[in-house]
Amino acid sequence: ARRLSGFNGPLHECSVFDSKAAGSRFREMLSKGSSQPWQQTIAILTGNSTLSAQPMLDYFAPLQVWLKEQNEGSTCGWSTTQVHFSEKTVSAPV
């Protein structure tokens, strides 16, 4: 869709709004509904029958950088030495 819109900048800044070429391709893809395997349907839009997570990673890259900066020096996750459940756990009727 980005190529169809003629946008060459960062993916997170791309908009296909008001792109007749992208809109036409989206319409053609969506008109197939469930009439064929999804790989054939996605190929109408992308020109490829396989998918990659890389564009999504590229899109969220600025957020990932910001999160790394914000979490600098923090530890994430749970301690494996803590007891999370008490021996006095109360059972509730189901």
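**Local features of the predicted model**

Thr41 is located in helix H3, which covers residues 38–46. The structure described here is a predicted model. Because its relative accessibility is 11%, and the limit for a buried residue is under 20%, Thr41 counts as buried. When residues up to four places away in sequence are left aside, the contacts of Thr41 are with Met29, Lys32 and Gln36.

Helix H2 comprises 12 residues, 20–31. With a rise of 1.5 Å a residue, a span of 16 Å is expected for H2, and the C-alpha atoms at its ends are 16 Å apart, so the two values agree. Just after H2, a positive phi of about 55° is found at Gly33.

The loop between helix H1 (2–5) and H2 contains Ser15. At a relative accessibility of 45%, Ser15 falls between the limits of 20% for buried and 50% for exposed, and therefore counts as partly exposed. Ser15 is separated from Ser5 by 10 residues in sequence, and the C-alpha atoms of the two serines lie 7.7 Å apart in space.

A nonpolar patch on the surface is formed by Met56, Tyr59, Phe60, Leu63, Trp66 and Leu67. Together, these residues present about 620 Å² of accessible area. Two elements, helix H4 (54–59) and helix H5 (61–70), each give two or more residues to the nonpolar patch. The largest share, three residues, is contributed by H5. Phe60, also a member of the patch, is placed in the loop between H4 and H5.

A search of the whole structure for aromatic pairs returned one. This pair consists of Tyr59 and Phe60, whose ring centres are 4.9 Å apart and whose planes make an angle of 85°. Since planes over 60 degrees apart count as edge-to-face, the pair of Tyr59 and Phe60 is assigned to that class. Both residues of the pair belong to the nonpolar patch. Tyr59 has a relative accessibility of 40% and Phe60 a relative accessible area of 42%. Both values lie between 20% and 50%, so Tyr59 and Phe60 are each classed as partly exposed.

How values were computed:
Residues numbered from 1 in each chain as written. Predicted model: local features only at pLDDT ≥ 70, side-chain atom pairs only at ≥ 80, totals over all residues. Heavy atoms only, no water. Patch = residues over 30% accessible without salt bridge, like charges linked within 9 Å, V, L, I, M, F, W, Y side chains within 5 Å. Areas by Shrake-Rupley, 256 points an atom, 1.4 Å probe, with all protein chains shown as cover. Salt bridge = Lys/Arg side-chain N within 4 Å of Asp/Glu carboxyl O. Helix = DSSP H or I, 4+ residues; strand = E, 2+ residues; numbered from the N terminus. Phe/Tyr/Trp six-rings, centres within 6.5 Å; stacked < 30°, edge-to-face > 60°. Buried < 20%, exposed > 50% of the residue type's maximum accessible area, 1.4 Å probe, protein only. Expected span 1.5 Å × (residues − 1). Contact = heavy atoms within 4.5 Å.
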